[in-house]
Amino acid sequence: MSLRVLKVPLRSVYDMIYSYFIHKLTTTLAKNHSQIVIEDLNVSGLIKNGKLSKAIADSGFYEFRRQLTYKTQLYGSKLIIADRFFPSSKLCPKCGQKKDKLPLSERVYRCENNNCDWIADRDYSASLNLLGLAEPDVMPVEMKTPKSINEAGTNKQIMSNIV
Ligand SMILES: [Zn+2]
């Protein structure tokens, strides 16, 4: 009996696993959520940024969005894409105050409004701001009125980009 060895480049294995993961994730999201909000990242602009280019190129964001677009249509859910200029990371999800600058190195969002005590993980805060773009009937009670976004005057611009 002879032993046969199948040689598969590691990169191919990685690509197969990653492809399977994106497929599985987008199917699960589209099947189990009536609305999904994602950011419209300026991917080509980010790729020009030397520090981020490899991470963005490897992230499969294009494929993730492509699959999410057709799967939400297939399963009857709604994909909401936040305008690329929506300042999800710079807005306080509690009071709506917007920071002028928020460097990537700053991972915790601390509201600068003296009347607000919001301190939370930067990505978590951004996700709450994105949640505010969903239609009210699916949001938790405390998030039903995305006042912060309306008061910031950005809601109209964002909602115009619904797929
Ligand atoms: Zn605040």
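Reader: What is the mean pLDDT of the chain?
Author: This is a predicted model, and the mean pLDDT of its chain is 80, with 72% of the residues reaching 70 or more. Over residues 140-163, however, the pLDDT is below 50, although this stretch still has 38 contacts in the model beyond near neighbours in sequence.

Reader: OK, and how many helices and strands are there in the chain?
Author: The chain holds 7 helices and 4 strands, and from the N terminus on they follow the order α-β-α-α-α-β-β-β-α-α-α.

Reader: Let's take H1, then. Why should it span 33 Å?
Author: Helix H1 covers residues 10-32, which is 23 residues, and at 1.5 Å a residue the expected span is therefore 33 Å; the C-alpha atoms at its ends lie 33 Å apart, in agreement with that.

Reader: And how many of its residues are buried?
Author: The count is 2 among the 23 residues of H1, so to speak a helix that is hardly covered. For the chain of 163 residues, 19% count as buried.

Reader: Where does H1 meet H4, I mean which residues make the contact?
Author: On the H1 side they include Ile 22, His 23, Thr 26 and Leu 29, and on the H4 side Phe 64, Gln 67, Leu 68 and Lys 71 are among them. The residues of this contact divide into 7 nonpolar, 5 polar and 3 charged.

Reader: At roughly what angle do the two axes cross?
Author: The axes of H1 and H4, the latter being residues 61-75, cross at roughly 35° and come within 9 Å, and the crossing is right-handed.

Note on methods
Residues are numbered from 1 along each chain as its sequence is written. This is a predicted model: local features need pLDDT of at least 70, side-chain atom pairs count only at pLDDT 80 or more; totals for chains, interfaces and linings use all residues. pLDDT is the predictor's confidence in each residue, from 0 to 100. Two residues are in contact if their C-beta atoms, placed from the backbone, lie within 7 Å. The expected span of a helix is 1.5 Å times one less than its number of residues. A residue is buried if 20 or more other C-beta atoms lie within 10 Å of its own, exposed if 12 or fewer, and partly exposed in between; C-beta atoms are placed from the backbone. Axes are lines fitted to C-alpha atoms, for helices over the stretch in contact, and angles run from 0 to 180 degrees between N-to-C directions. A crossing is left-handed if the near helix is turned anticlockwise from the far one by less than a right angle, and right-handed if clockwise. Ala, Val, Leu, Ile, Met, Phe, Trp, Tyr, Cys and Pro count as nonpolar, Asp, Glu, Lys and Arg as charged, and the others, Gly among them, as polar.
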